[in-house]
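Student: I've got a structure open and I'm not sure how to read it. Can we go through it together?

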Amino acid sequence: MKKNKAQLILNEIEKRTSDLSKDYFLDSKDFNYSYYSTISVANDLNMQRTNVSKCLNELVEDKILIKITGKPILYFHKKSLKKILIRI
């Protein structure tokens, strides 16, 4: 069974977010911002950036992802990020 594009993108963002540690996320001098950007996800999934951007924004509207504006815009899986940040 073939996964649709939105599911592939969601899985990729979830994987990237779950790979984070609390210390790495909160330590801005070592944090690789570009890894969580649209262009990085698009390149790694071999998809067009515009298509990935559209799906990411839909997932934000559905409250599955968190979008942090700036340059670059960053996307994180909401549930995974919550688990990371509340770990003691």
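Tutor: Sure, vocabulary comes before anything else: helices (H or I, at least four residues) and strands (E, at least two) are DSSP runs, numbered from the N terminus. Leu59, for instance, has its place in helix 4.

Tutor: Keep in mind that this is a predicted model, where local features need pLDDT of at least 70 and side-chain atom pairs count only at pLDDT 80 or more, while totals for chains, interfaces and linings use all residues. Residues are numbered from 1 along each chain as its sequence is written, and side-chain values use heavy atoms, with hydrogens and water left out.

Student: How many helices and strands does the protein have?

Tutor: The count is 5 helices and 2 strands. Along the sequence they come in the pattern α-α-α-α-β-β-α.

Student: Back to Leu59: is it buried or exposed?

Tutor: Buried means under 20% relative accessible area, exposed means over 50%, and partly exposed is in between (1.4 Å probe, protein chains only). Leu59 has a relative accessible area of 8%, so it is buried. Across the protein, buried residues make up 33% of the 88 residues.

Student: And what does Leu59 touch?

Tutor: Contact means heavy atoms within 4.5 Å. Leaving aside residues up to four places away in sequence, Leu59 touches Ala6, Leu10, Ile64 and Leu65. Look at Gln7 too: Leu59 and Gln7 are 52 residues apart along the chain, yet their C-alpha atoms are separated by 9.9 Å.

Student: Which residues of helix 3 are buried?

Tutor: In helix 3 (residues 38–45), those are Thr38, Ser40, Val41 and Ala42. Their cover includes helix 1, helix 4 (49–61) and strand 2 (74–77). Right after helix 3 comes Asn46, with a positive phi near 55°.

Student: How do I describe two helices that pack?

Tutor: Two packed helices are described by the angle between their axes and the distance between the axes. Axes are lines fitted to C-alpha atoms, for helices over the stretch in contact, and angles run from 0 to 180 degrees between N-to-C directions. Here, helix 1 (residues 5–18) and helix 5 (residues 78–86) pack at about 5°, with axes 8 Å apart.

Student: What do we call that arrangement of helix 1 and helix 5?

Tutor: Angles under 35 degrees count as roughly parallel, over 145 as roughly antiparallel, 65 to 115 as roughly perpendicular and the rest as oblique. Helix 1 and helix 5 are therefore roughly parallel to each other. Where they meet, helix 1 brings Glu14, Thr17 and Ser18, and helix 5 brings Ser80, Leu81 and Ile84.
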